[in-house]
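Here are a few exercises to work through with the model open beside you. Try each task before you read its solution.

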Amino acid sequence: MARANTRNTSRHFPGLATHAAFFFAYLYIPILVVVALSFNENRLTTIWTGFSTDWYWAVLNNSDVLRAARNSLIVATFASLIATAAATLAALGMAQGRSFRQQNTINATLALPLLIPEIVTAVATLIFFVAIGVQLGLLTITAAHTVFCIPFAYLPIRARIEGMDPALREAAFDLYANERRTFLRVTMPLLWPGILSGALLAFIVSLDNFVITFFVSGAGSTTLPVYIFGMIRTGVTPAVNAVSALLLLVSLVLVTISLLISRKDV
Amino acid sequence: MNEAAAYHALRTATASASAEGAQTVTRNLIELREISKVFGSGRDEVRALETVSLNIREGEFFTLLGPSGCGKTTLLRLLAGFEQPTAGQILLDGTELGGLPPYRRPVNTVFQSYALFPHMSVAENVGFGLEMHGVPWERIRERVDEMLALVQLEGYARRKPAQLSGGQQQRVALARALANHPRVLLLDEPLSALDLKLRKEMQLELKRLQKETGLTFVFVTHDQEEALTMSDRVAVMNAGEVLQSGTPRAIYEDPDNRFVADFIGETNLIEATVDAVGEGGARFRLASNVVIDGSFREGLAEGREVTLALRPERAGLTAPADGIVQGEVINMVYFGTDTLYEVAIEEVGVLHVRTQNTAGGIGEIGVGDAVGVDFLTDAVRVLRD
Amino acid sequence: MATDAATVASGEERRARRREGWRRFVLISPAMAIIAAIMLIPLGLMLTYSFLESGRYGGVVWEFSTEAYIGFLFERQLDESLAFTDSYIRIFGRSFGLSFATMAIALLLAFPAAMFMALQPPKYRAILIFLVTIPFWTNLLVRNYAWILLLRDFGLINNTLLNLGLPQLPLMYNNFAITLGLVYSFIPFMVLPIYASLEKLDWRLVEAGQDLGANRLQSLRRIILPLAKPGIIAGCILVFVPSLGAYITPELLGGGQRLMIGNLIQLQFGASQNWPFGSALAFILLATVLLFLMLWAWRAKKRGEAAALREAAVG
């Protein structure tokens with residue numbers, strides 16, 4: 001009660017701040033542990049004996065890791081580009097004119113890849129590729145990734161379009177710009193941050209995906225997460241920590257850029 | 001290029017037409033012929049405009065006034081070309097505009113939200129229309145400077161819209177529209193986002209710009225005071241129809257119907273029966289059997305039930321015996337420059353009377369006092385409905 | 001003349017509308033086509049497969065069979081008679097139990113954290129949200145692997161215990177480890193919707209409640225919780241659904257001994273080579289998840305309509 005004078009009592013709930021501190025510690029300590037141990041000199045990952053970047057050099061000189069990383073980058077690049085292109089067109093289409101009847105159905109379908117459990121998608125996609133007789137490899141992985149990348153790319157672009165004053169397009173028409181010039185001079189420049197942000201998010205989820213990739217990848221088309229899974233299965237080594245830390249770093253950088261872009265006003 | 005050519009053809013045609021018609025003051029620049037606009041269909045059908053016909057004259061400040069949802073903005077969007085009418089014709093200088101997209105119409109719009117392109121500087125915004133026409137850069141730069149001077153924003157050319165205040169953005173929006181020498185400037189509630197003081201300033205500014213440029217302004221507002229003070233002519237709209245159009249004075253002094261009388265200013269509506277129709281005037285019997293004189297309107301027949309309109313400031317209080325009708329003051333509200341009295345009149349209802357608080361007024365009147373209400377024949381107007 | 005002009009104009013209007021519809025169709029088509037071709041058709045094929053006979057070395061034989069669904073509940077004896085077996089039901093039961101526990105624990109952890117976030121000044125809120133979203137965007141596999149480092153027999157926790165002279169704890173390969181990993185994997189999905197509903201909450205309502213004599217606990221129970229309910233329900237669904245289909249966490253932290261539905265499905269396409277059974281399991285999982293989502297959507301819609309009605313009545 002003595003505190004009532006100095007604090008806004010309706011907003012003060014005792015213990016909240018302590019809980020929040022523990023909560024964020026819980027979120028971040030495991031991640032930090034992986035990063036910290038990746039610099040551990042010792043072979044036995046959990047006994048700290050000294051700082052070393054050897055494992056990073058070992059990983060970066062491991063041709064299997066490099067091949068897996070290259071595969072991951074190829075898949076993520078193509079999947080995110082195709083998905084972003086399709087998502088941009090879809091978002092522009094959904095923004096055309098007034099609301100229409102099939103709007104909810106289309107929005108639900110575009111969100112479907114987010115709602116269906118990954119394992120189900122993985123199984124279905126595997127069956128599909130085997131049934132139509134396509135060799136499992138980078139092509140099948142990219143195709144499968146493109147599907148679940150679409151909603152991740154679509155949502156930021158759609159949000160951007162929805163936040164755009166429809167009068168801006170009309171103003172361009174009013175100032176003698178035809179459809180094409182309005183698109184190039186007004187719609188696209190304003191949409192661009194959303195597209196970029198969506199593409200980055202799609203890139204990240206493709207890069208990080210394990211379950212679906214695990215099912216539809218064939219021999220020689222191992223991606224980085226699938227490779228890491230194999231490493232973990234055979235035993236915990238500091239090399240796993242180093243690859244994992246690198247993967248975390250890439251995601252962290254990309255998601256930060258993506259969020260900064262999408263927050264930008266213009 | 002094709003579009004630019006078409007646009008130029010239309011512009012030169014209209015320019016020469018306006019040169020010929022310059023002497024005739026009442027030449028119609030825009031003619032709306034029986035315009036209807038329906039949105040949606042079936043159960044969702046909304047009839048936004050119902051056979052509206054209007055003429056807007058060259059060089060006038062024309063205002064579309066009405067409550068929200070009355071169709072005034074739809075009408076403006078039809079003129080701009082953002083919507084196509086469901087039925088009817090729009091003529092600009094006698095040329096049909098039907099089917100022309102907005103970018104081929106020699107009209108420009110100032111949007112309610114200003115709609116300044118956030119990724120372009122002030123100068124790029126103002127020069128956008130000229131750039132789309134392929135006007136050479138030096139010419140655009142000159143015109144942009146000219147326009148920024150006109151709206152008193154010299155030195156702001158390189159700023160982004162987000163770095164400007166609401167009032168400044170408003171001026172940029174005006175400059176951007178005016179830069180293209182439009183035949184008509186359309187303004188969609190452009191002042192509604194500004195605070196009261198700035199709004200008053202911009203009202204004067206808009207009037208000044210209209211005088212200086214001599215352009216035809218079509219202005220949309222729901223603010224009756226704004227409409228009365230700024231316009232040459234006003235069209236009052238409700239539920240997709242134009243109820244009355246005319247000068248602000250005509251609309252205020254001689255409202256055609258209940259809606260106009262009620263929407264613009266305060267008014268007393270009195271039910272009566274036509275008692276006699278004479279030369280230039282008529283006699284009306286009130287519910288209390290008192291007979292009063294009022295103005296004449298065509299089509300009045302003896303025995304017809306009518307509604308009379310009487311503006312509170314056109315009535316005065318007198319001693320009971322001197323008034324045309326008698327009643328009792330039931331409430332009074334002091335407004336500084338004037339006082340509003342509510343006078344209950346038996347069988348007729350409550351009349352509002354506004355009197356100026358001048359020195360040597362009508363002495364001390366208080367609640368409960370018996371008074372007479374007096375007015376000139378001229379002040380009593382017959383409504384059509 | 002006037003009617004002529006009217007038909008011309010309305011024709012123009014109709015043409016504009018048709019053009020708009022056509023353009024929309026063209027723009028939306030690519031995304032829809034990709035999803036249809038590489039998601040909807042495969043799902044249909046999966047359903048078909050669940051009604052086929054299993055091939056000897058994986059794949060299927062194109063013969064209609066309900067064996068996959070029968071096999072879910074019964075075991076075929078040597079004499080072809082059916083005996084009830086609960087081994088698969090048990091795995092489903094465990095999956096539901098663990099998912100439910102995950103959801104409950106995540107709610108308990110997330111709600112106070114979300115409330116803390118909602119009570120911060122706006123400029124800190126953005127940073128805190130960013131901190132909650134980051135783990136979501138980092139690799140799920142790596143985040144689960146991190147717990148191996150912490151929980152295993154000579155992991156960080158047990159090493160610490162040893163150093164303190166305390167006995168080691170069996171932290172890995174049990175339900176505890178799986179639940180912990182699932183909570184860790186999906187907790188951002190719980191925090192964000194709860195935060196979203198708390199952030200919109202008008203704190204003057206809490207003040208009004210306290211003005212009327214409610215203490216902190218009472219205002220939490222009677223005012224804050226009811227108003228945060230849509231966010232809580234959304235968060236619960238968003239945690240429960242992916243937990244149910246989880247594969248990585250039970251695989252890594254359950255050590256392949258404590259199977260969940262996801263692992264059982266994977267097994268049918270791996271070691272067991274029973275594709276129809278795997279398809280049937282996947283379909284049952286999908287149907288369960290969609291049922292939850294539909295119930296949620298239906299409820300939200302009903303509430304939405306009720307809210308609209310209330311507004312209409314007030315306005």
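**Exercise 1.** Find how many salt bridges link domain 1 of chain C and domain 2 of chain C.

*Solution.* Start with the rule: a salt bridge puts a side-chain nitrogen of Lys or Arg within 4 Å of a carboxyl oxygen of Asp or Glu. Between these two domains, the count is zero.

Before going on, note that this is a predicted model, where local features need pLDDT of at least 70, side-chain atom pairs count only at pLDDT 80 or more, and totals for chains, interfaces and linings use all residues. Side-chain values use heavy atoms, without hydrogens or water, residues are numbered from 1 along each chain as its sequence is written, and chains are lettered from A and ligands numbered from 1 in the order in which they are written.

**Exercise 2.** Locate the two domains of chain C and say how far apart their centres are.

*Solution.* First, the bounds, which come from an automatic or database domain assignment: domain 1 covers 11–85 + 274–315, and domain 2 covers 96–260. Next, take the centres over C-alpha atoms; they lie 29 Å apart.

**Exercise 3.** Work out how much area domain 1 of chain C and domain 2 of chain C bury between them, and which three residues of domain 1 supply the most.

*Solution.* Buried area is the accessible area (1.4 Å probe) that two parts lose on being put together, summed over both. Here that comes to about 800 Å², with 84% on carbon and sulfur atoms. On the domain 1 side, Phe292(C), Trp296(C) and Arg299(C) supply 55% of the area buried against domain 2, more than any other three residues.
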